[in-house]
Amino acid sequence: MTIRIRSGLCAALSAALCSTLLSVGVNAAPAANVTATRLTNAEREPAQWMTYGGTYSEQRFSPLKKINDANIGQLGLQWFADYETNQNQHGSPLYIDGVLYVSTARNVVHAFDAKTGKQLWKYNPVIQGERLRYNLGLVNRGIAAWNGKIIMGTLDARLVAIDAKTGKEAWSTDTVPASLGMGDMGNRYSITMAPRVAKGKVFVGGSGGEFGVRGWIAAFDAETGKQAWRFWTVPGDPAKGFESPKLAEAAKSWVGEWWKTGGGGTVWDAAVYDPVTDLLYFGTGNATPWNARARDEKIVDNLFTASIVAVKPDTGEYVWHYQEVPGDSWDYDAVSPMMTADLMLGGSKKHVLLQPSKNGFFYVLEAATGKLLSADPFTEVNWSTGIDLKTGRPIEVPGSRYETEPWNLAPGVQGGHSWHPNAFSPQTGFVYIPAWEAYFTMAGQAPGARPANGGFSLGISMGTRVDPDKLKPYARTGVRGRLKAWDPVSRKVVWETEAFANGGPTSGVLATAGNLVFMGNGGGKQLTAYHAATGAKLWNYDAQTAVFAAPISYEINGVQYIAASVGGAAQGGYFAPTYARMLVFAVGGKAVLPKQEPYTPPQLNPPVSTASAELIEHGGRVYTQHCSVCHGANGLQARTSFPNLTVSALLHVQEGFDYVVRQGARADKGMGSFAKELTAEDSAAVRAYLISRANALKLAAAPAPVVPRQETGHADN
Ligand code: CA
């Protein structure tokens, strides 16, 4: 592999960096030598995609235009590479010096020769089972590159650095070590967001708001993984003292004993380092539990939940915050992807931070101060009539807090826009939003009911059925996704596509200088290119599977490529093929995907149930406590992400069952050993319970196997 130095690039870089690049030499292995200088000047290297959002501005705009609105009809598949996974793919790739890096589900990372698709290495970590239980999908949204290392957060809340040449682990840091004194709460975090890297530090936050944890973002030394600082987004137990005066101040916006359920405010997606202001901005999640009334009788602001916060990247010191949703009751995380841009507002150029938020409003903040400049609905909103620009607070619609009656919320908890990345084109001046019209019926839990500490912590009654004629403000369901072009200056939608006919959600978005916007269709399995100025549909590709992740673009030897990591959890159950792959397109590409073969799911074929009723009952208790989160209540598979155990061949042999359950034989697929939690007797009881369940299902001639619901790719946590 050759490291190419473009003319003029060395002039823009430090002498030390250029000598590093040159020393790599012709035909040396690629090294992902991304450093502060190179990242800060990423605009000068349009052929690369070195950071999650393309550049530090996170505009996801590629200045490449060899693929454009004139030749898009000739865009074809250049190469593809299959993944070994049965999960949703949310990871946005990186392209650096000839190599395409991508994180796939369950933290498997692939490095491909970006021209040919040849796999250079694969990193497949073992994930701790006790932490894997606390997440809403085995997803990962992306990686960071720094000085020869690829850096990723894991589902068991570690931060790992992988040698970009070899794929071997360089360092691994537990981001929530026991020394933090969180006890069991420390095991309920995961990391799904892409780490960001700047000034030699990696910034990452922990997910888990729905499981009752305390939100944080922390910085780690990119060379060693050693923690530099941690910013807690909500105050902890006052009896233990607050970590900073700012948190003591924030504690005044809480009542009750919030620290017992963690408080929430998790940092699980958006983070932007801004070289212009030298600030790090990040979004925080909803307060825990969802329902403000379940937190306390009194509704208070709960800082810094559902907020955008700016800190100094070197120290983590607080600089400013803007709270989008004080006292949130609607799961309105403020974590949706953000970007910086320079806009002409009111006759002067302003450096701003932009966020189309989950709550349905498009926010424009002054980047240096956090001052709210505008906030307008970009999709259907029925909880607020607008944002008061003087106070920055939403004007709430009476009844929308579902205190006395259920409320059919828009946007629902799925969000008017979730984690799927947006794009901004400096050419058109539009922000391209993968926007949803989403509905969800919110209903308070029974009076006096308290959310469980440590469980799935929402404080609402799920699945409440209300006569549609009586539902306020109207009864609608589901999610309809479409692409919208939003003008942040005139504060309105300029064009929008039809909503997807299948009602499915969207993928992330890529905008290019070739007058193109690329977006995928989660349910419809399509990748589509639209005209950036008009929204006209110009090109379409049948991806054979759901498209959730945002595509990227790169260039090698004058050829532009579009890369999309595709894949949705198998609709036919865990063992069905998902067709999860890396797809890379170029003008004139002629590669063809293999034809999809008909698939027959495994049938119920259990051994005869001979165990005692006591053993089966004990097995049921153990199963419910340890297995049902992933494998489904009563042995019925709840999600396509995990195997349906009633059809498992392992039911026939206890040794084989134990080999997986107690010896961790499938740890590489995310099923860690349960030897610490389950004795050999427990494991035998669980098997007996599953055999009993499988026989009952077979006898009842239940549809076999149960067809699980299709994953939507929310993984909102
Ligand atoms: Ca949430």
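Two strands count as paired here if DSSP finds at least two bridges between them. With that in hand, let's look at this predicted model, starting with a small sheet.

**The sheet**

Strand S3 and strand S4 (residues 99-103) clear that bar, because 3 bridges join them and at least two are needed. The two run antiparallel. One of the contacts to look up on screen is tyrosine 95, whose bridge partner in S4 is leucine 100. Zoom out and you find an open sheet of 4 strands, ordered S3-S4-S5-S6 and paired antiparallel. Its edges are strand S3 (94-96) and strand S6 (119-123), each pairing on one side only. On average, neighbouring strands in this sheet are turned by 15 degrees against each other, direction ignored. As a reminder, strands of a sheet pair through backbone hydrogen bonds.

**The calcium ion**

Which residues hold the protein donors of the calcium ion? They are Glu210 (OE), Asn286 (OD1), Asp331 (OD) and Asp333 (OD), with Asp333 (OD) listed twice, and the donors lie 2.3 to 2.7 Å from the ion. Along the chain, the donors follow the spacing E-x75-N-x44-D-x1-D. Asparagine 286 sits in the loop between strand S16 (279-283) and helix H6 (292-295), while aspartate 333 sits in the loop between strand S18 (318-323) and strand S19 (339-345), so this pair ties together parts that are 47 residues apart in sequence. Are these two residues buried or exposed? Both asparagine 286 and aspartate 333 are buried.

**Empty space**

Rolling a probe the size of a water molecule over the atoms shows where empty space is left. In this structure there are 5 cavities of 30 Å³ or more. The largest cavity holds about 50 Å³ of space, and its lining is made of Tyr52, Gly53, Glu58, Arg60, Pro337, Met338, Met339, Pro421 and Asn422.

Then there is the second largest pocket, with a volume of about 600 Å³. It is lined by 30 residues, and those closest to its centre are His631, Pro643, Leu645, Val660 and Met671. Helix H4 (129-132), helix H8 (628-631) and helix H9 (654-661) each supply at least two residues of that lining.

Here is how the two linings break down by class:

| Space | Nonpolar | Polar | Charged |
|---|---|---|---|
| Largest cavity | 5 nonpolar residues | 2 polar residues | 2 charged residues |
| Second largest pocket | 20 nonpolar residues | 7 polar residues | 3 charged residues |

Notes
Residues are numbered from 1 along each chain as its sequence is written. This is a predicted model: local features need pLDDT of at least 70, side-chain atom pairs count only at pLDDT 80 or more; totals for chains, interfaces and linings use all residues. Side-chain values use heavy atoms; hydrogens and water are left out. Donors are N, O and S atoms within 2.8 Å of the metal (3.2 Å for Na, K and Ca); water is not among the atoms, so sites may look incomplete. Buried means under 20% relative accessible area, exposed over 50%, partly exposed in between (1.4 Å probe, protein chains only). Axes are lines fitted to C-alpha atoms, for helices over the stretch in contact, and angles run from 0 to 180 degrees between N-to-C directions. On a 1 Å grid over the protein atoms alone, a cavity is a set of points where a 1.4 Å probe fits but cannot get out, and a pocket is an open set with protein on both sides within 12 Å along at least five of seven lines; lining residues have an atom within 4 Å of a point. Grid points are joined across faces, edges and corners, and a volume is the space filled by probe spheres set on the points. Ala, Val, Leu, Ile, Met, Phe, Trp, Tyr, Cys and Pro count as nonpolar, Asp, Glu, Lys and Arg as charged, and the others, Gly among them, as polar.
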